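Here is a short set of exercises to work through with the model open in your viewer. Try each task before you read its solution.

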Amino acid sequence: MITNRQLFKIIVWLGVIANWSFAIWVIFFNTASLLAYFGLGDVESTIWIYNYSVLLAILSCFYIPAAHDPDRYRANAWLLIVGRLVPASTFFVGVGMGFMPAGFARLGFGDSTFGILELIFLVRLLRDSENTVPAPAPV
């Protein structure tokens with residue numbers, strides 16, 4: 001049976017891969033096609049999304065320790081959830097208030113999906129950890 005820890009790890013790694021894929025698309029391939037694909041609107045300059053992508057790739061590197069050991073890297077584990085849900089909410093607010101193109105809602109749905117799943121599995125695995133009785137120390 002797959003554990004909450006394994007599910008958390010899988011979801012975090014899928015999110016890291018998604019972030020890196022986004023960044024690679026922007027940095028090494030046609031940025032305009034990415035903007036069109038996600039419906040992020042027409043822009044005169046793509047410098048902002050290039051910078052965003054580099055930062056996104058770097059941020060994702062801080063998720064890896066939490067995927068490996070969420071008990072030891074608990075701060076990283078909680079911050080990766082914040083790093084998903086806060087941007088998602090800003091995308092939704094931006095689209096809702098009309099100062100971001102509607103395509104940013106797609107990014108919000110992606111980030112919020114990863115963030116909510118990570119939150120669920122992190123809470124479950126931490127609860128499982130607290131309910132586990134440690135083995136007695138050898139004498």
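**Exercise 1. Fold and overall numbers**

In what order do the elements of the chain run from the N terminus on?

Solution. Start with the ground rules: this is a predicted model, where local features need pLDDT of at least 70 and side-chain atom pairs count only at pLDDT 80 or more, while totals for chains, interfaces and linings use all residues. Residues are numbered from 1 along each chain as its sequence is written, and side-chain values use heavy atoms, with hydrogens and water left out.

Now read off the elements: they run α-α-α-α-α-α. That is six helices and zero strands, where helices (H or I, at least four residues) and strands (E, at least two) are DSSP runs numbered from the N terminus.

Next, the extent: the C-alpha trace spans about 70 × 30 × 25 Å along its principal axes. The accessible surface comes to about 8600 Å² (Shrake-Rupley method, 1.4 Å probe, only the protein chains shown counting as cover for residues), and carbon and sulfur atoms hold 70% of that surface.

Last, contacts (heavy atoms within 4.5 Å): among those between residues at least 6 apart in sequence, 66% join residues at least 24 apart.

**Exercise 2. Helix 1**

Check the length of helix 1 against its expected span, then list its buried residues.

Solution. The expected span of a helix is 1.5 Å times one less than its number of residues. For the 25 residues of helix 1 that gives 36 Å, and the end C-alpha atoms are 35 Å apart, so the two agree.

For burial, use these cut-offs: buried is under 20% relative accessible area, exposed is over 50%, and partly exposed is in between (1.4 Å probe, protein chains only). The buried residues in helix 1 are Asn4, Phe8, Ile11, Val12, Gly15, Val16, Asn19, Phe22, Ala23 and Val26. They pack against helix 2 (31-38), helix 3 (47-61), helix 4, helix 5 and helix 6.

Asn4 makes a nice spot check: it counts as buried because its relative accessibility is 16%. Leaving aside neighbours within four places in sequence, Asn4 touches Phe121, Arg124, Leu125 and Asp128.

**Exercise 3. The nonpolar cores**

Which residues have the most contacts inside the largest nonpolar core?

Solution. A nonpolar core is a set of buried Ala, Val, Leu, Ile, Met, Phe, Trp, Tyr and Cys residues joined through side-chain atoms within 4.5 Å. The largest one has 15 residues, and Phe8, Val12, Tyr63, Ala77, Leu80, Leu122 and Leu125 have the most contacts inside it. Two or more residues each come from helix 1 (4-28), helix 4 (64-68), helix 5 (74-97) and helix 6 (104-131). Helix 6 gives the largest share, five residues.

Apart from this core lies another, of eleven residues, including Leu34, Leu40, Phe104 and Leu107.

Then zoom in on Tyr63: beyond neighbours within four places in sequence, it is in contact with Val12, Val16, Asn19, Leu80, Gly83 and Arg84.

**Exercise 4. Thr31 and Tyr50**

Is Tyr50 buried, partly exposed or exposed? Do Thr31 as well.

Solution. Tyr50 lies in helix 3 and has a relative accessible area of 42%, so it is partly exposed. Leaving aside neighbours within four places in sequence, Tyr50 is in contact with Val26 and Ile27. Its C-alpha is 9.9 Å from that of Phe28, with the two positions 22 residues apart in sequence numbering.

Thr31 sits in helix 2 and counts as buried because its relative accessibility is 11%. With neighbours within four places set aside, Thr31 contacts Val26, Thr46 and Ile49. The C-alpha atoms of Thr31 and Met1, 30 residues apart along the chain, are separated by 41 Å.
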